[in-house]
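Biologist: I should like a close look at a single part of this model, taken step by step. Please describe how that part is built and what lies around it.

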Amino acid sequence: MKRGAARLLRRLLFAVLVLAIVLYTVFPFYWAVVSSLKSGAALYTVEFLPASPSLDNYVAVFRGQPFGRNILNSVLVAGSVALVSLALAASAAFALGRVSFRGRATLLVVILGVSMFPQVAVLSGLFELIRALGLYNNLLGLSLSYLIFTLPFTVWVLTTFIRELPIELEEAAVIDGATPWIMLTRIFLPLMGPALATTGLLAFIAAWNEFLFALTFTLTDEMRTVPVAIALITGSSRFELPWGRIMAASIVVTVPLILLVLVFQRRIVSGLTAGAVKG
Amino acid sequence: MSARAGWLFLLPMLSVLTLVAGWPLLRTIWFSLTDARLDTLDAYTLVGLANYRALVADPEWWRAVWNTLRFAAVSVTLEVVLGVIIALTLNARMRGRGVLRAAMLIPWAIPTVVSAQMWGWMLHDQYGVINEGLLRLGLIAEPIAWTAEPSLALWAVVAVDVWKTTPFVALLVLAALQLLPDELYEAAEVDGLGPVGAFFRITLPLIWPALMVAVIFRALDAMRVFDLMYVLTGNSRSAASMSVYARQQLVDFQDVGYGSAAAIFVVLVIALVTALLVTFGRVRLGGDAR
Amino acid sequence: MERGGRSRNGGRAVAMKPKARRWRYAQSLHLGMPSMHKHVAAAFAMFLGLALGPAAAQTRIAIACGSVGVEAQLCREGVAEWARLTGHRADLVSTPIGSSERLALFQQLLAAGSADIDVFQLDIVWPGILSHQLLDLSEWIAPELLERHLPLLLRNNIVAGRLVAMPWFTHAGAMYFRRDLLEKHGRRIPETWEEMAETAQVIMRAERAAGASRMQGYVFQGRAYEGLTVNALEWLAGSGAAGIIAPDGRVAINTPRAAEVLTAASRWVGTITPRGVLNYAEEEARGVFQSGNAVFMRNWPYAWQLVNAPDSPVHGRVGVAPLPLGAAVLGGEQLGVSRHSRHPEVAVSLVMYLTGRAEQRRRAIVGGMIPTIPELYAEPEVLAANPVLAQLRDVMADAALRPSAVTRGRYNQVSAEFWNAVHDVLSGERGAAEALGRLERILLRVGRDGHW
């Protein structure tokens, strides 16, 4: 009986832990949903369920600016950044993780060094560059500039994962006469499913959330991405923070990301069951 | 594979990075050695290290450095601890795991400026929900001004940052955990190790590389922090980070020379801290594949 | 339609020849007498062009104005009307709400020589900062048209002898108070800051004793940002202490009187003002006042409509008055034209239309934007739409200005050092005398001993 009690206790503690985690991560989101359904003076009162919920804020968000277009812009930019980062980083990780050559350590440190640069510092230089390339107020300009912060961590993470793969795979491939390209695309990449999915997702989200570059490198409403669009949501006076509307816009924007994660989860799991890692 | 083939694989990534990072970097270093101002960008003179000397002599700069280091240390530690706990929880097989993972990612998915606004509102002293809750529970007598009080402001920012970026660490650790084969745990049970022992003796050493990557990148991000502090506390000197200081000089005061020097100094500080982390974290940089 | 020939000197009997009058006025504004005739002719041609019909080719320019709800709407309507009259087009570019983000964007664009935006809406302190990049409008606009605006605002917009922006709308801080509470406790509208503090203390104590446990005495903008500079200058303005920088460039802030004023203000925090005020901007203060938890609030006129909205908890119980001792520091917006604009004549014509009497009147009545043409302050419809204006118009003529025209490009730094010094005093981190001494040393270094 003691064994059963101990197990029950463990289960209970576990459930409490899970509940605490869920509450911690979800409560502000819940609060945002509640706020988005309130309007006017009701926002200043603290209540856990809105007294008279309405969808006014959601309607106003789409009416006040081309929000649908902004969402599309964000999807395009973040998606392209994630794909390009993965492609470039996978190729680089192959060299950095599986080939020994002089200067490899230095190179990794230099790539890390790029991450040390605060956004503010590269802002003016990048601005000059974007204008020189004629990419001002253009989604391509944003995609290009985001690579500056997605590439370093993508390269590092993929390098770390690719290093853990067993050497026997490589030897077998060499015996079979595979070229390095085949080795990368047919053998290593499929095994790195979880890592690719994870870093792709993180790169996507980083590009999705980026604010400073998006604010500086775009000018017209149609070219804006979501964080900037949300920051520009206006109330009826210059000082008023249209809180209800900002929350409504945030909900609209967060939901697709959550769906994305749900989709990617299958990928992570299927990568596991493929079983190649276990030899 | 030959070294030359290796460099060929590196080329695409390196050329993009040089273009997008190299040029702006050089430009900033150049400007840091001049007295350029934003409104007269074509007319400036070289002043050598004068900007750096002025920076070293500015007590507000060192205050910003100290704020940033404290913020990064506390923030990253909390994130790693919580992230590992959450990852371990999610790794267990249970019902609704998918939904839980999605829930966990919510803080990360919300744009920083929005979550900063959201928390700023929740932490508001007069009608924020946090104070309301604490008052109702009887834990405090008077509402606390979380983001206004000079002594509390920095920790309010830490709390929001931890909430926001723990998912990043959790996700990386989770991916590493899921690559660990089950046999290891079976062996541990046979050996009589409890869950805690199994964690410290088996799991932790194996996920160490991935964990260190997470720590390093989180530390880098934390030392570069800008959005969060700017939105929650503005340019307030008690919670200003190095980036807030640099931006204020560069953009608000239009002092391109001095601001660029501050930005380069940020890089140096971060480089130093990272070097320490890499050394003590025993991260393999040049090691071969196993 | 505005015609330059007629002048409205409001009863001046002396008949001077037109040219001499222009020269006299130009002198009084310390402007050079430029060869403005050809520009003025071009600008008037734009207006006269409408009489001939929209025969000219349609030019397209861009204006960055009114990023926020009502303002944006008003601007759009004004621009549409101008477009209808002149046959040209102007696109509205939306900009960040945050004032310093907007400035940063403008600075970036102008420094890069971009022609993306032709007409800029400028906060009152920006003409000084951006003066290099803006056209000298005195070469384009006739003095009669300039004359009708508040002289104080024109003075603000003249940097190194060049008029770089036209006044568009203005406002000054006002003291909002709970009329019902003042009546209930038999107090009058305070005329000095000490009286305000005392009244607030008395009422706050009484109300808290009666059960309103959240009642505060006075809320204002105490966050470390530009709003604090304005608030602090308002405390200094009425009490005889000089401003931060004198018109001749001297650092004038470190005086015993100024230290007294700041010390008095620091005593409010923690007694009649919550500690949270150290992070309050306009909206936070309004939130506290509007939910019925403050006796006094300092805020801009925009808050009047919100505080009196039907769903406001303090609806019908609020009054507004000028700040104690008639203190006022002007805020507001101007319109400037970029030096890099490809169509300066069209841009200037848009500016002239928007800052003209008819448009300012419309904006005042429809949107509550206080005009910069003092004539309009006497019009009953304008007053009906802006009750706060009735209170403020007398103090606005003598209002103080922030020293941006003197400090030019370094204004932001001056203001930041000032607001940090004030914030340190309010939060108790430093004593007033120490903070001001330190501030003076910093400003001397920044201003290179008066050579801004």
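Modeller: The following account treats the two domains of chain C, where they touch, and a sheet. The model is predicted: local features need pLDDT of at least 70, side-chain atom pairs count only at pLDDT 80 or more, and totals for chains, interfaces and linings use all residues. Residues are numbered from 1 along each chain as its sequence is written, while chains are lettered from A and ligands numbered from 1 in the order in which they are written.

Chain C is divided into domain 1 (30-164 + 330-396) and domain 2 (174-329 + 401-446), with bounds from an automatic or database domain assignment. Their centres, taken over C-alpha atoms, are separated by 30 Å. In contact are 19 residues of domain 1 of chain C and 22 residues of domain 2 of chain C; contact requires C-beta atoms, placed from the backbone, to lie within 7 Å. On the side of domain 1 of chain C that touches domain 2 of chain C, helix 17 of chain C gives the most, with 6 residues. Helices (H or I, at least four residues) and strands (E, at least two) are DSSP runs, numbered from the N terminus.

As to the sheet, 4 strands of chain C form an open one in the order 8-9-7-10, with mixed pairing; strands pair if DSSP finds at least two bridges between them. Strand 8 (216-219) and strand 10 (318-321) of chain C are the edge strands, each pairing on one side only. Strand 7 (residues 174-178) of chain C pairs with strand 10 of chain C in the antiparallel sense over 4 bridges, and C:Met175 stands opposite C:Ala321 in strand 10 of chain C.

How values were computed
Contact = placed C-beta atoms within 7 Å.
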